[in-house]
Amino acid sequence: MQKVQASRGPRATWAVLLVLAVMNLAVPCAIQTANAQRQIAVPPPPMGWSSWNSFSNTVDATIVIDQAKAMVASGMAKAGYQYLNIDEGWWLGQRDAQGNIVVDPAAWPALAPGEHAGDMANIVRYIHALGLKAGIYTDAGMDGCSLYPDLGPVYQHVGSEGHYQQDFLQFATWGFDYVKVDWCGGNKEKLDPAVQYAEIARAIGKAEAATGRRLYLSICDWGNNSPWTWAPNIGGAPADIWRTSGDIVAPIVPHEKHSGRLASFSGVLSNFDQGIHPQAQHTGFYNDPDMMVVGMPGLTDAQNRTHMSLWAISAAPLLAGADLTTLSDATLATLTNPEVIAVDQDPLGLQGVKVASYGDGLEVWSKMLSTPGERAVLLLNRTGDPAAIAVHWRDLGISDSSPATVRDLWARKDLGSFNSSYSATIQPNDMAMLIVHGSEGALTTCTPAGADGVRRDQEVSFSHVSSRVRVARVRISYINADKTPQFAELRVNGQIATRIAFPPTGGGSTAGAVWIEAILDREGASNVLTFSPISGTSLSIESIAVE
Ligand code: GAL
């Protein structure tokens, strides 16, 4: 249980209260049973498909059309997958005299009467007509990754450097909804990704303003220069994702060079581990451990389920990389399990964290969900032997003194009600994915230091914050009466700042809440959280509640 700062028993507490009242200062923090707060949903991580893993730079309109049709026919679209992302290989580095990207008319022909070959708007219209969204790809540097092709010839200058405004406007004008920006050229030129991606995000903002189309930003510098420290809300992006590692596997294209390649389960685990940065993942900004290899050569059905569970517990983007036209029933069932997808897409948008481990390789991961008292839980056995793994309610931040129900999300079965813990035997390199539903634990509510009412668009500081866990879930109560999200920079202790999005709370003065995870690395009631509004004039941060 947390201690209220300066609390030394009832008499001392009242004395402190009296002194503070006399000084006209608010009590900084007080333990409360978690009171209901109107939670404001944040944008979920994107779901879709990317052409890279299974088609490399052979991607063309025929492939994309087949995949789009399969996404609908297989039921994946119904399950929530929506983006059809065209990765590297769609463009060969040619520009016209005005600097516009020239597109191969044979690879991207007219698809409907009145259309012209070599116009990417054709494929976008096709994708949109199926009720799906379209993604495109470029590089932040002068050259792209086709300078080092895994397959096919070298192409130079497949990058957007020097053409940011022009290219992102072009993508939005073609109608794309999503753009992945790679870093091969940036890396070669030793550019600073934090600088380049901010410029790119601003160019996207201008393209959005000019066309009215939202272009979702996917940053791909493979975790170089710790993007989790600078990528959330970079250049004003209202929501974005950033890669945290290299590729799980290089492309596996049937009948082409390297077609015998295999994805590996250790690669999946390694990317998962590198993607855990809960302090940066919140309010619509997500760590991206790479598109999934679920259903690709090399993984068993059980490993595919574990892969999907790992991505879901960490609220990673769910971008399938397998060929959607040849999915087995088992793979399809794995990709479309609605309960696992719901964990990934939960409107709190938080990343799961490891809450317990036993010896080497037996781990309990937990993700707070938007239904109060609910946690998604992953019991993960990384060892070569079967082992019992227990999850204790106290490690989940739910009440230890009331029973909680447990549901198995892969068996799709309620397992019953349990007091204080649940244990299961987990097979080697396997997992159990559960929903534990108990009673929400107590929170400590803090008001801004020296607060004297609502503070609009001003820096607010919460001092004397304690928590019983190092990576603490923090509920932020705020009012944003505007129609668009407002943003604030959060500094915790001496750590690198992160940026938080505060979606509109609706008219009036009723506060809403978003959740973040913060590393409260100081002992006792000595953590300091400072919020500095970045944009707008209507953000008012009222209080925080800390587990
Ligand atoms: C890599 C990236 C892959 C894919 C590839 C295309 O840098 O990590 O996801 O986009 O480039 O060449």
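1. A good place to start is strand S22, residues 498–502, where you will find arginine 499. Please keep in mind as you look around that this is a predicted model. Is arginine 499 buried, exposed or partly exposed? Its relative accessible area is 27%, and because the range for partly exposed runs between 20% and 50%, arginine 499 counts as partly exposed.

2. Arginine 499 also links parts of the chain that are distant in sequence: isoleucine 234 is 265 residues away along the chain, yet the two C-alpha atoms are 8.5 Å apart in space. Leaving out residues up to four places away in sequence, arginine 499 touches Pro232, Asn233, His282, Phe285, Ala488, Glu489 and Ile534. With one of these, asparagine 233, arginine 499 shares a side-chain to side-chain polar contact of 3.3 Å.

3. Next, have a look at the ligand. Which residues surround the ligand? They are Trp52, Asp87, Glu88, Tyr137, Cys145, Lys180, Asp182, Cys220, Trp222, Arg243, Asp247 and Met291. By type, this shell splits into six nonpolar and six charged residues, with no polar ones.

4. Three acidic side chains of that shell deserve a closer look. Aspartate 247 places a polar side-chain atom 2.5 Å from an oxygen atom of the ligand. For aspartate 87, the distance from a polar side-chain atom to a ligand oxygen is 2.7 Å, and for glutamate 88 a side-chain N or O atom is 2.9 Å from an oxygen of the ligand. On its own the ligand has 310 Å² of accessible area, and the protein covers 94% of that.

5. Now to the interior. The largest nonpolar core contains 102 residues, and Trp90, Trp108 and Phe168 have the most contacts inside it. Setting aside neighbours within four places in sequence, tryptophan 90 is in contact with Val59, Ile101, Val103, Trp108, Met120, Ile136, Tyr137, Phe171 and Trp174. There is also a second, separate core, with 36 residues, among them Tyr83, Tyr178, Val492 and Ile541.

6. Glutamate 115 may catch your eye. You will find glutamate 115 in the loop between strand S3 (83–85) and helix H5 (121–129). Why is this charged residue called buried? Its relative accessible area is 14%, and buried means under 20%, so glutamate 115 falls on the buried side.

7. What does the side chain of glutamate 115 meet there? One of its polar atoms lies 3.0 Å from the backbone nitrogen of alanine 112. Its side chain also makes a polar contact of 2.9 Å with the side chain of arginine 125. Not counting residues up to four places away in sequence, glutamate 115 touches Ala110, Asn122 and Arg125.

8. Helix H5 itself has Ala121, Asn122, Ile123, Val124 and Ile127 as buried residues. These pack against helix H3 (61–73), strand S3, strand S4 (133–139) and helix H6 (164–174). After H5 comes glycine 131, which has a positive phi near 80 degrees.

9. One more helix to visit is H11, residues 329–336, in which Thr331, Leu332, Thr334, Leu335 and Thr336 are buried. Which elements cover the buried residues of H11? The cover includes helices H4 (76–79), H10 (301–313) and H12 (338–344), along with strand S9 (318–320).

How values were computed:
Residues are numbered from 1 along each chain as its sequence is written. This is a predicted model: local features need pLDDT of at least 70, side-chain atom pairs count only at pLDDT 80 or more; totals for chains, interfaces and linings use all residues. Side-chain values use heavy atoms; hydrogens and water are left out. A nonpolar core is a set of buried Ala, Val, Leu, Ile, Met, Phe, Trp, Tyr and Cys residues joined through side-chain atoms within 4.5 Å. Buried means under 20% relative accessible area, exposed over 50%, partly exposed in between (1.4 Å probe, protein chains only). Contact means heavy atoms within 4.5 Å. A residue is near a molecule or strand if one of its heavy atoms lies within 4 Å of it. A polar contact is a pair of N or O atoms within 3.5 Å; within protein, one must be able to donate a hydrogen and the other to accept it, and residues adjacent in sequence count only if both atoms are side-chain atoms. Accessible areas come from the Shrake-Rupley method with a 1.4 Å probe; for residues, only the protein chains shown count as cover. Ala, Val, Leu, Ile, Met, Phe, Trp, Tyr, Cys and Pro count as nonpolar, Asp, Glu, Lys and Arg as charged, and the others, Gly among them, as polar. Helices (H or I, at least four residues) and strands (E, at least two) are DSSP runs, numbered from the N terminus.
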